[in-house]
Structure formats: structure tokens, C-alpha cells
Amino acid sequence: MTHKMRVSQPEHIFIRKAKKSGLILEQLLHYFVAFLSVFLAVAATLLLNPYINATPAALLFAAVMVSAWYGGLGPGLFATVLSTLTLYNFLLKRLYLVKTTNLNILVSLAVFILAAVLISSLNESRRTAVRKAEESLRFLSESEAKFDRFVESNEEILWRRETEFHSITDTLPVLIAFVDSQQRYRFNNRAYEQWFRQPAAEAYGKYLWEVLGESAYEVIRPYVEQVLKGVQVTFETEIPYRNLGTRYIKAIYVPQFDRHATVEGFAVLITDISEQQAALRDRFLAEEALRESEQRLRFALQSAELGDWDLDLTNGTARPSLRYDQIFGYDSLQPKWTYEMFLEHILPEDRPLVEAKYVSALTNNDIWDFECRIHRADGELRWIWGRSHVYYNERGEAIRMLGLIGDISDRKLAETKLQQLNETLEQRIQERTAQLEAANKELESFSYSVSHDLRAPFRHIAGFVELLNKQPSSRNLDETSQRYLRIIAQTAKQAGILIDELLTFSRMGRTEMRYVTLNIEELVQEVKRDLLAEVQGRVIHWQIQPLPQVQGDPSMLRLVLNNLMGNAVKYTRTRTIAEITIGSIDNENEIIFFVQDNGVGFNMQYAHKLFGVFQRLHSDPEFEGTGVGLANVQRIIHRHNGRVWAEGKVDNGATFYVSLPKLSNKERE
């Protein structure tokens with residue numbers, strides 16, 4: 001059994017004085033460190049002034065943090081006072097030559113003092129917590145020593161001390177454990193049970209990796225190896241526990257030595273700081289997102305070459321961007337901008353409208369949107385565009401206006417040129433219209449000449465041939481001469497028909513359109529009845545599908561159907577049973593009509609010639625025609641803003657398509 005040695009009264013007084021002197025020296029050292037930190041921060045601020053002139057208090061914050069971290073609340077407050085006096089009387093007043101009565105500076109000093117005091121208080125709380133933890137550890141060590149000394153003499157005392165030990169460790173809001181040199185758990189407090197949701201006794205004697213999991217053990221392994229060498233370790237890290245998921249912890253490993261100064265294990269104090277880290281992480285992410293948003297906004301403004309401004313409506317002063325000043329002809333930011341200065345740049349004739357819109361925006365909570373001319377600082381006349389929004393306080397008072405401004409001189413110049421171009425173009429259109437009207441009159445005169453001067457000779461030829469055939473002497477003509485007379489008569493008749501169709505073709509481009517609602521199905525039946533004379537003795541199967549109503553010129557569309565259906569009848573003449581189908585396809589913006597037959601068809605290689613004037617793919621002896629009908633179809637459909645096309649195969653029929661757009665009520669009118 002060991003016995004505690006008694007210390008004499010003089011020795012006790014000496015020890016107490018020595019401890020007191022040590023405490024005084026330690027406190028003086030703390031205050032010296034605080035003074036030295038402030039001194040170094042001021043010196044660094046002066047050296048780095050060209051780079052950190054926007055934040056002269058940054059290094060003083062660091063000095064306060066170092067002082068509070070090392071010495072606690074007293075040295076931290078001491079450093080705060082020194083930093084505040086230095087910042088107020090030396091850095092701001094002498095170095096930056098600003099007025100010390102400026103409210104912004106006083107507010108900044110107040111914020112600095114509050115932040116520094118908060119830093120000192122937080123560090124004092126940290127030191128207090130550490131001292132308490134260390135005191136707890138010392139108390140644990142003392143309790144364990146007492147337990148060892150009294151275990152042989154009194155089992156009741158042993159039980160009492162053990163109870164006290166558990167009471168202390170169980171009440172602490174940290175996980176406390178003791179791990180021996182073999183890395184096996186020998187003690188866990190109640191916080192362990194709350195963390196791992198299992199009795200602490202189940203972990204007793206198990207290795208660290210068995211309880212925590214291999215992944216978690218690999219994270220703490222370097223710290224465990226370090227503490228087993230006799231070095232106290234403090235660290236913060238993220239650990240993936242096997243049954244708890246990932247947690248962010250702050251841990252303290254304190255080595256425990258035996259009588260021979262050999263590490264027999266280490267005490268573990270762990271605090272879960274996951275929530276604090278999550279909050280810090282969220283704050284960091286939010287700040288990062290805000291910075292990125294500001295960068296994107298600034299990039300957008302720079303790309304659009306727009307200036308922005310913030311007008312304080314309580315005093316009329318504005319804080320513009322550099323681009324704002326550049327628009328008004330200034331190369332650098334102006335020290336002061338007011339609403340009155342802005343109005344002075346605006347031309348007098350444009351100023352009333354701008355002011356009226358400004359008052360309307362303030363009165364009606366509206367957008368201030370304007371375009372006006374300004375005189376830049378160099379006297380140049382420019383056009384600008386502005387747009388802003390008014391912000392109100394909780395009492396409904398207008399306190400702030402944020403807006404954008406841009407130089408639109410190039411756009412205004414382009415608009416002026418475009419207006420001049422439109423006027424010139426309109427004049428040219430009038431001239432071309434007059435020329436077109438003159439050409440139309442000449443074309444009408446030509447058509448009149450054709451209809452009278454060219455048709456008369458062909459009528460005379462046909463008439464004289466008919467008179468010759470009626471003469472008694474014509475009966476004495478041989479067969480060849482009579483065939484010549486028949487050819488002359490047929491040719492004259494065909495020429496007359498060709499002239500008539502050419503006249504019709506020329507009129508189609510000049511005839512005024514008359515839009516009405518047409519029942520195409522009825523129109524198809526009428527054309528079919530007109531074609532009955534040509535189909536006497538033939539077998540034709542007509543398949544006429546239900547057809548929709550359309551808007552168009554009735555006489556023109558009748559001519560289209562007459563040509564298409566007439567061609568279907570003509571080119572199926574060689575078929576024993578002719579099949580003719582007429583139908584429609586309803587699309588979103590147009591209606592497509594088609595006429596399909598099983599006639600002789602055509603070669604798709606020559607499809608582009610179908611709708612040209614005098615373009616025929618079949619010889620006259622086989623199928624009569626002038627080569628003008630489909631050209632008329634195309635001209636009529638084009639005047640209706642439609643399309644025409646055809647598909648066919650030699651000796652396998654053909655299909656002709658025409659499309660008519662769906663017209664709105666306004667277009668019909």
C-alpha cells in the first residue's frame with residue numbers, strides 16, 4: 001500500500017507562491033502575444049496596402065483570433081481594443097485620409113468590435129470546454145489512481161468511486177472511451193450506447209475495427225498510431241461508421257501511461273459536429289451559388305453592353321456601374337451621381353417625357369421605361385434606352401430604384417436608314433406598278449389583236465374549205481385532194497382553239513379574284529355532266545369521294561376541274577374500263593385535291609414539263625390537245641397561293657394534285 005507524503009507548511013507556501021508567479025508570467029505572455037499579433041497585423045497591412053486597401057481590417061481580425069485562441073477572453077479583448085484604436089486613429093484616418101465622422105466608418109468599426117468580441121467569446125468558450133475536458137481527464141486519472149490505491153483496502157470505496165466515475169462520464173455530452181495498447185475497448189460511457197444503439201458491455205474487449213468497421217478504422221488509424229507513441233492528438237474528420245453512416249467528429253486522444261512511463265492505452269473524447277459542419281457547408285454552398293449568380297449577371301450585362309444603377313430615392317443619389325458612366329462619356333466612375341445630373345444630360349425637348357414617365361413609375365408602381373437623346377460628356381449626341389423598377393418599404397414608401405441603361409444609337413441609325421429604304425422602295429413599287437399597268441394595257445391590246453386579227457384568217461380558211469366541199473366539182477377530186485381539204489379544215493379549227501386557249505391563259509393572270517365558299521363536290525358533278533358527251537359508248541367507273549368546301553374563285557376552279565377531269569377521260573380512252581377517282585386530303589394548313597386515273601400515264605423523268613405552255617408528252621394523232629390546259633391549271637392554282645404536282649408511270653395511270661390553302665376570315669375578305 002502506498003502512503004501519501006505530507007508537505008510542510010513552509011514548503012506549501014513556497015509552492016503556492018511559485019504557482020501564482022507562474023500564472024502571472026503565463027498571463028503576461030498571453031497579453032504579450034496579443035500585442036505582438038496586433039503589431040504584426042498592422043505592419044503586414046502597411047506592407048500589403050496596395051493589395052488589400054479595400055479590407056484594412058482583415059489582418060486585424062486574424063490578430064484577434066490568434067490572441068483569443070492562445071490566451072482566451074482577456075487577451076482577445078485586449079487585442080480587440082488595440083486593433084480598434086489602430087484601425088480608427090491610424091489606418092483609416094491617416095493612411096486612407098477619410099472623414100472619421102462618416103457613418104459608414106463608424107458602422108464598420110462597430111461591426112469589427114462586435115465580430116472581434118464574438119471571436120474572443122467563442123474562443124474563451126472553447127478554452128473553457130477544453131479545460132473542463134482536461135480537468136475531467138485529470139479527474140478521471142486521479143479517480144483511477146485513487147481506485148488503484150484503495151482497491152485492496154476497501155471494496156465499498158472502490159464501488160463508490162466507480163459510481164462517481166460513471167456518473168461524471170455519463171453526464172458529459174461527449175463520447176468517452178478508454179482503449180488499451182492492444183486497441184481493445186476497456187470502457188465506454190452512456191453516450192456510446194446512444195451513438196451505436198447497443199449496450200456498452202458488448203463493445204468491451206473488442207478491437208476498434210470490430211466496433212467501428214474497417215472503413216472508419218482506416219480513417220482514424222494514423223491518429224491511433226500517433227497516440228500509442230505517447231502523443232496527445234486532436235483532430236476533426238469525417239468518418240463512415242459501419243452502423244451509423246457518415247458523421248463529422250472532433251476527437252481528442254489522450255495517452256495514458258503506467259508507472260514505468262509506458263503507454264498502456266489512451267482516453268478518447270469524441271464530439272459529433274455533423275450539424276455544425278452541415279450548416280457551414282450549406283452556408284458555403286449558398287455563398288458560392290450567390291457568387292456564381294452575380295458573376296453570370298455581370299457577364300450578361302457586359303455582353304449586352306448594359307449599364308446598371310441603384311438610385312436611393314430618399315436622397316436622390318445613385319450608385320452606377322462603370323458601363324453606365326461610359327455610356328455618358330466618362331472613362332472612369334464618377335464620385336457622385338444624382339437624378340438631377342442625369343436630367344442635365346438629356347436634351348431639353350426629350351426631358352419632359354422622361355420626367356413624366358419617372359413620376360408615373362413612382363406614383364403607380366410601374367416600370368420606368370424610356371428612350372431619349374443625351375449629350376455625352378464630350379458633347380456627342382447619342383440615343384439611350386432605360387428601364388427600371390421601384391422598390392418600397394413596409395410603409396409603402398418608394399425608397400429605391402434599380403435599373404438598366406443601354407446605348408441604342410446604332411439601332412436608331414439603322415431604323416432611320418430602314419425608314420428611308422422603305423420610302424425609296426415604296427416609290428419604286430409605285431413606279432413599277434405604273435409600268436406593270438402600262439404593260440397590262442399593251443397586253444390587252446395584243447390580246448385584242450390576236451382575237452380579231454389572227455382568228456379572222458383562220459375563220460376564212462375554214463369557211464372557204466367548207467365552200468369548196470359544197471361545190472359540185474369537189475366530188476370529182478381524188479381521195480388525196482379531199483384528204484388535204486380535211487386536214488386544212490381541221491388545222492384551221494385547231495388553230496382557232498389554240499388561239500382561244502391562249503387568250504384564256506393570258507386572261508387568267510389579269511382576271512380579278514373573287515373569293516367565295518365553294519362546294520367542290522357539286523362543282524365536280526357539274527363538270528362530270530358536261531363531259532358526258534365525250535364518253536358516249538365508254539365504260540367509266542367514277543369514284544367521287546366526299547369533298548370539303550373551300551374558298552376560291554368559282555369560274556377559275558371550274559376551269560381547273562374541267563382540265564384535270566377532261567385529261568383523265570381523254571387519257572383513259574385506250575382502256576376497256578376506265579377508273580377515275582376524285583378525292584381530297586385535309587392537312588393542317590391546306591386541302592389537297594387529286595384526280596387519279598388508270599390511263600396511259602407518263603414518264604416521271606419529264607414531269608417538270610407537264611405544266612409548261614405547249615409542253616405535251618403525247619403526240620396529236622394519239623390524243624388531241626394544245627398543251628395549254630395544264631399551264632392554265634398551274635396559273636390558276638398559283639393565284640390561289642396553292643401548289644400543283646403530278647405522279648405517274650408509263651401505261652399505269654397518273655395522279656394530279658392541287659392544293660388550296662385554308663384562308664382566315666380576314667384573308668377571305
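How much area does the chain expose, and what share of it do carbon and sulfur atoms supply? The chain exposes about 41,900 Å², with 55% of that coming from carbon and sulfur atoms (Shrake-Rupley method, 1.4 Å probe; for residues, only the protein chains shown count as cover). Please keep in mind that this is a predicted model, where local features need pLDDT of at least 70, side-chain atom pairs count only at pLDDT 80 or more, and totals for chains, interfaces and linings use all residues. Residues are numbered from 1 along each chain as its sequence is written, and side-chain values use heavy atoms, leaving out hydrogens and water.

**The chain overall**
- You will find 19 helices and 18 strands here (DSSP runs numbered from the N terminus: helices are H or I with at least four residues, strands are E with at least two).
- Of the 669 residues, 35% are buried (under 20% relative accessible area, 1.4 Å probe, protein chains only).
- Taking contacts (heavy atoms within 4.5 Å) between residues at least 6 apart in sequence, 57% join residues at least 24 apart.

**Strand E16 and its partners**
- Strand E16 spans residues 590–597, and seven of its eight residues are buried, so the rest of the structure largely encloses it.
- E16 pairs with strand E15 (residues 577–586) in the antiparallel sense over seven bridges (pairing takes at least two DSSP bridges between two strands).
- Three residues lie between E15 and E16 in the hairpin they form.
- Strand E18 (residues 654–661) also pairs with E16 in the antiparallel sense, over eight bridges.

**Ile-592 in E16**
- Ile-592 stands opposite Ile-585.
- In E18, Ser-659 stands opposite Ile-592.

Methods. Buried means under 20% relative accessible area, exposed over 50%, partly exposed in between (1.4 Å probe, protein chains only).
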